[in-house]
Amino acid sequence: MNWRKWAACRSEDPELFFPVSEGGASLIQIEQARSICRRCPVLHECRAWALRNGEYEGVWGGLTAGQRRALSLARTTGPDR
């Protein structure tokens, strides 16, 4: 299945998902993007794709770039490693 076909963001302005920062006035934009992600039927597929492909810009799968970096770091440096 091509998960992108079912993505809730497919009809949204892509710029919404690429804020200039993760703080300040961008927090409103991030929350708007994440609210779309929360109602997305393929949120988990999108998130997995972004993590697997090293997508560290923008909001993917309801996570910001910083959140995905932290998650990736935790996976590689966790207690099992």
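**Why these labels apply**

Reader: Why is Glu31 called partly exposed?
Author: Its relative accessible area is 38%. Buried means under 20%, exposed means over 50%, and partly exposed is in between (1.4 Å probe, protein chains only). Since 38% falls between those limits, Glu31 is partly exposed.
A word on the ground rules: this is a predicted model, in which local features need pLDDT of at least 70, side-chain atom pairs count only at pLDDT 80 or more, and totals for chains, interfaces and linings use all residues. Residues are numbered from 1 along each chain as its sequence is written, and side-chain values use heavy atoms, with hydrogens and water left out.

Reader: What makes Arg38 and Glu31 a salt bridge?
Author: The closest N and O atoms of the pair are 2.4 Å apart. A salt bridge needs a side-chain nitrogen of Lys or Arg within 4 Å of a carboxyl oxygen of Asp or Glu, so this pair qualifies. Arg38 itself counts as exposed, at 53% relative accessibility.

Reader: How many salt bridges are there by this rule?
Author: Two. Besides the pair above, Glu12 meets Arg39 at 3.7 Å, N to O. Glu12 lies in the segment before α1 and Arg39 in the loop between α1 and α2, so the pair ties together parts that are 27 residues apart in sequence. Helices here are DSSP runs (H or I, at least four residues; strands are E, at least two), numbered from the N terminus. Glu12 is partly exposed at 29%, while Arg39 is exposed at 54%.

Reader: How do you know that Cys9 is in no disulfide?
Author: A disulfide is a pair of cysteine sulfur atoms within 2.5 Å. The nearest cysteine sulfur to Cys9, that of Cys40, is 6.1 Å away, so Cys9 does not meet the rule. For Cys46 the nearest is the sulfur of Cys9, 6.2 Å away. The count of disulfides is zero.

Reader: Why is Cys46 called buried?
Author: Its relative accessibility is 10%, which is under the 20% limit, so the label fits.

Reader: What makes up the largest nonpolar core, and which residues have the most contacts inside it?
Author: A nonpolar core is a set of buried Ala, Val, Leu, Ile, Met, Phe, Trp, Tyr and Cys residues joined through side-chain atoms within 4.5 Å. The largest one has 16 residues, and Phe17, Cys40 and Val59 have the most contacts inside it. Two elements, α1 (26-38) and α2 (43-52), give two or more residues to this core, with the largest share, four residues, coming from α1.
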